[in-house]
Amino acid sequence: MAMRSALCRLKVTRSMESTRGATRYFSDDKGRVLSEEERAAENVYIQKMERERLEKQRKKAEKEKLQKEKEGADKKTEEPHKG
């Protein structure tokens with residue numbers, strides 16, 4: 001009886017794996033084991049954060065560039081009045 005029960009569980013487990021694919025596990029730096037899905041979700045989150053950080057840096061650089069151009073234009077308009 002116990003043998004039948006174990007075989008039934010084995011069949012169910014195998015059929016579940018085949019429907020959702022074999023699950024591989026990876027370890028993170030903290031020793032926690034991450035499944036493929038968790039790792040993929042983490043990678044997507046990291047990429048999103050990196051994109052946002054780069055976008056923020058790009059906007060900051062554009063803002064500084066415009067500010068320098070504005071200061072340069074102000075200096076050019078002041079120079080003819082001095083002479």
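## Ground rules

Helices here are DSSP runs of H or I with at least four residues, strands are DSSP runs of E with at least two, and both are numbered from the N terminus. What you're looking at is a predicted model, so local features need pLDDT of at least 70 and side-chain atom pairs count only at pLDDT 80 or more, while totals for chains, interfaces and linings use all residues. Residues are numbered from 1 along each chain as its sequence is written, and side-chain values use heavy atoms, with hydrogens and water left out.

## The overall layout

Let's start with the big picture. The chain has two helices and two strands. Walk along from the N terminus and you meet them in the order α-β-β-α. Helix α2 covers residues 36-82.

How much of the chain is buried (under 20% relative accessible area, with a 1.4 Å probe and protein chains only)? Just 2% of the 83 residues. The chain exposes about 8,300 Å², an area that comes from the Shrake-Rupley method with a 1.4 Å probe, where for residues only the protein chains shown count as cover. Carbon and sulfur atoms supply 55% of that exposed area.

## A charged trio on helix α2

Next up, salt bridges: a side-chain nitrogen of Lys or Arg within 4 Å of a carboxyl oxygen of Asp or Glu. Searching the whole structure turns up two of them, and R58 has a hand in each. It pairs with E55 at 2.4 Å, N to O, and with E62, where the closest N and O atoms are 2.6 Å apart. Put together, E55, R58 and E62 form a linked network of salt bridges.

The spacing along helix α2 is neat to follow. R58 and E55 sit three residues apart, about one turn of the helix, and R58 and E62 are four residues apart, also about one turn. How accessible are they? R58 comes in at 39% relative accessibility, E55 at 32% and E62 at 41%, so each counts as partly exposed (between the under-20% buried class and the over-50% exposed class).

## A nonpolar patch

There's also a nonpolar surface patch of about 290 Å², made by Y45, I46 and M49. Patches are built from residues with over 30% relative accessible area and no salt bridge; like charges are joined within 9 Å, and nonpolar side chains (Val, Leu, Ile, Met, Phe, Trp, Tyr) within 5 Å.

Where does I46 sit? It's found in helix α2. With 37% relative accessibility, I46 counts as partly exposed.
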